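Colleague: Got a minute to walk me through this one? I'd like to go through it piece by piece.

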Amino acid sequence: MLYVRTMRYLKPRQLLVRPLRAAQRRVPPRLAMAAIPSPTMRELASVVEQWGTADRGMERARLVLHDSFEFLNERRTLTAIDWTQRYGSHLWSYNLHYFDYAPDLVWAFRLTGDRTFLARFERLALSWIQGSGGRGDGWEPYAISVRIVNWSYGLLLAGSALDLDARDRLLRSLSAQHRALAARLEWHVQGNHLLKNLCALVVGALMFEGQARRRLSDAVQLLETQVRAQILADGHHEERSPMYHAIVLGDLLEVVALLRSVGHASADRLHRLVEPMLAALARVTRPDGSPHRINDSVDGIAPSRRALAARAQSAGMDLAAHPGTPGRWHLRDVGFAGYSSPDGRERLIIDGGVPGPDHQPAHAHCGLLGFELDFNGHQFLVDPGVHGYAGDRYREYVRSTRAHNTVAIDGREQNEMWSVFRVARRARVTRVSCGAREDQGGILFHGEYHPYHSRDVTHARTIEGGEGVWQITDTVNGQAHRATSYWHFHPAVSLKQQGDTVVAGGPSGNVRLEPFGATKVIIRSANENPPGGWFCPEFGIAQPTWVIALEGPTQSGVPFGVRLRANAGGER
């Protein structure tokens, strides 16, 4: 997590959070709020039922039933959980406290009729209530937010099948967690954390009558304000991560659907604010729903396309109506541009935007003017993804300039990166344009920026192509500087040097890379010290891959780069 102090957010925070804190003070700390009446419970439950089970939900339920917990591709057996202990990384422990497995267990009970699944949910939740102690990872606001939603959905799905005493204890704890969250909204973090907090406040408030319902209007007002602030005019979330965009979209679709089911007046307003996010999603994800790995983005974390489609339908929207039409496109506010061929076999996405919002660059990478390119429906040139956050041995690497398909100048980073989520001085984008090649269609993209360390140096890149023929041209303007262009290939791609060219073969077919203007062409494989040449498709997975480094000329303004020629077909 990133902790920042931003003066421009101080006044809205004081004005908007005061009603929530005042409401929290009026609630006796040991008095649980009255649970919602049965008709409203049925309306909310019917919405959650429409979403169906999560991907791999039954598999996860069976694992948890046998004390096995798998998060971030790391599995641990926990027969007796000490909820105050941190197991593995901070993020792994966070996932344990999220209780994403709660709806899985209840769905497993509903689908099989086996009450041991439901009993497991009850025991784990009651164990958490007794053993969490009001401190530690489970009481951090983000963890509270995710757990409030998961427990609420578990309760709604279980209905009258849940043991009455367990239900009462869960509702009392849910009420206490809701009050604790209302008093600790993550204004210091902003971004997706704050939206997660506010969505949880809305869902939690819908679970109760009385004071919580009166707090609902405050939560909805805060949520609307933050959605207007964080969702850019082109529909993308401000943190410029396709993965977090999908996470935020999933949360907001759920809130719209639930508010709509109870006839809340805000549902239509939120609907209008959220729907543009569907079109942006189609641009930054592949047809199979996997996110392009710009900035902190990987597979297996955000809701799947199937899950988002179900949530959109219950919210009165249609994900299929936003397929992302072929041709070139440009999301000007977030800074992404790209192209997809009419047959969908060729796909390009370029990062031509700033690292992130000034107040929250936690998920930014040094990938400016970098890109991902797919051929024949398969990934070919890739961004590194994410292996882990705090304490992860690949964290520095995946955020670095050398990990992206872009240019490093004098071996320095584009942005001044430090710690796990920190960015100090940043590159400044000076020019971006996106159009068609003259009389050819396809895409002609041009971008320029100054790296953080020198306003007298400019990296300019032109990307033009389509129909299997591409050219990427780089120039570095300024006094003599050493420029290195990096090219990172999907692990399924193998390289073979043939004279002055390199042939890349794999599921994408054969692709010839013809360097020009470079003083040296270096082919590298993965190494550990320092880390290089790694591809992280999911958290906890690092796959070795091939990297080409082109050493450019030191003279100012002399172009260098690569021409690519792709042929259809399978492996060579």
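Modeller: Sure. One term before we start: helices and strands here are DSSP runs, numbered from the N terminus, with at least four residues for a helix and at least two for a strand. And keep in mind that this is a predicted model.

Colleague: Fine. Where does Asn-415 sit?

Modeller: Asn-415 lies in the loop that links β8 (407-409) to β9 (417-418).

Colleague: Is Asn-415 buried or exposed?

Modeller: Buried, because its relative accessibility is 2% and the cut-off for buried is under 20%.

Colleague: Which backbone atom does the Asn-415 side chain reach?

Modeller: The backbone nitrogen of Ala-427, at 2.7 Å. Ala-427 also shows up among the contacts of Asn-415 beyond four places in sequence, along with Pro-355, His-365, Cys-366, Val-423, Arg-425, Arg-426 and Tyr-452.

Colleague: OK, and Arg-428, where is that?

Modeller: In strand β11, which covers residues 428-437. Arg-428 has 40% relative accessibility, so it counts as partly exposed.

Colleague: What does Arg-428 touch, leaving aside neighbours within four places in sequence?

Modeller: Glu-448, Tyr-449, His-450 and Arg-455. There's also a C-alpha separation of 9.2 Å between Arg-428 and Gly-353, which are 75 residues apart along the chain.

Colleague: Back to β8 for a second. What about Val-407?

Modeller: Val-407 is in that strand, and it is buried because its relative accessible area is 1%. Not counting residues up to four places away, its contacts include Tyr-449, His-459, Arg-461, Asp-474 and Val-476. Thr-401, Gln-414, Ala-483, Thr-484 and Ser-485 are also touched by Val-407.

Colleague: And how far apart in space are Val-407 and Ser-508?

Modeller: 24 Å, C-alpha to C-alpha, with their positions 101 residues apart in sequence.

Colleague: Switching to helices. How do α11 and α13 cross?

Modeller: Their axes come within 10 Å and the crossing angle is roughly 150°. Angles over 145 degrees count as roughly antiparallel, so that's how α11 and α13 run relative to each other. The crossing is left-handed.

Colleague: Which residues make the contact?

Modeller: From α11 you have Pro-242, His-245, Ala-246, Val-248, Leu-249, Leu-252 and Leu-253. α13 brings Met-277, Leu-278, Ala-280, Leu-281 and Val-284. By class, that's 11 nonpolar, 1 polar and no charged residues.

Colleague: What's buried in α14?

Modeller: In that helix, residues 305-314, the buried ones include Ala-307, Leu-308, Ala-310, Arg-311, Ala-312 and Ser-314. After α14 comes Gly-316, with a positive phi near 80°.

Colleague: Now the backbone oddities. Which residues that aren't glycine have a positive phi of about 65°?

Modeller: Asn-73 has one, and Leu-369 has one too. Most residues other than glycine have a negative phi.

Colleague: Where are they, and are they buried or partly exposed?

Modeller: Asn-73 is in the loop between β1 (68-71) and β2 (74-77), and it is partly exposed because its relative accessible area is 38%. Leu-369 belongs to the loop between β5 (346-351) and β6 (371-375). At 1% relative accessibility, Leu-369 is buried.

Colleague: Last one: which peptide bond is cis?

Modeller: The one from Asn-529 to Pro-530, where omega is near -5°. Pro-530 is in the loop between β20 (527-528) and β21 (531-532). Most peptide bonds are trans.

Conventions. Residues are numbered from 1 along each chain as its sequence is written. This is a predicted model: local features need pLDDT of at least 70, side-chain atom pairs count only at pLDDT 80 or more; totals for chains, interfaces and linings use all residues. Side-chain values use heavy atoms; hydrogens and water are left out. Buried means under 20% relative accessible area, exposed over 50%, partly exposed in between (1.4 Å probe, protein chains only). A polar contact is a pair of N or O atoms within 3.5 Å; within protein, one must be able to donate a hydrogen and the other to accept it, and residues adjacent in sequence count only if both atoms are side-chain atoms. Contact means heavy atoms within 4.5 Å. Axes are lines fitted to C-alpha atoms, for helices over the stretch in contact, and angles run from 0 to 180 degrees between N-to-C directions. Angles under 35 degrees count as roughly parallel, over 145 as roughly antiparallel, 65 to 115 as roughly perpendicular and the rest as oblique. A crossing is left-handed if the near helix is turned anticlockwise from the far one by less than a right angle, and right-handed if clockwise. Ala, Val, Leu, Ile, Met, Phe, Trp, Tyr, Cys and Pro count as nonpolar, Asp, Glu, Lys and Arg as charged, and the others, Gly among them, as polar.
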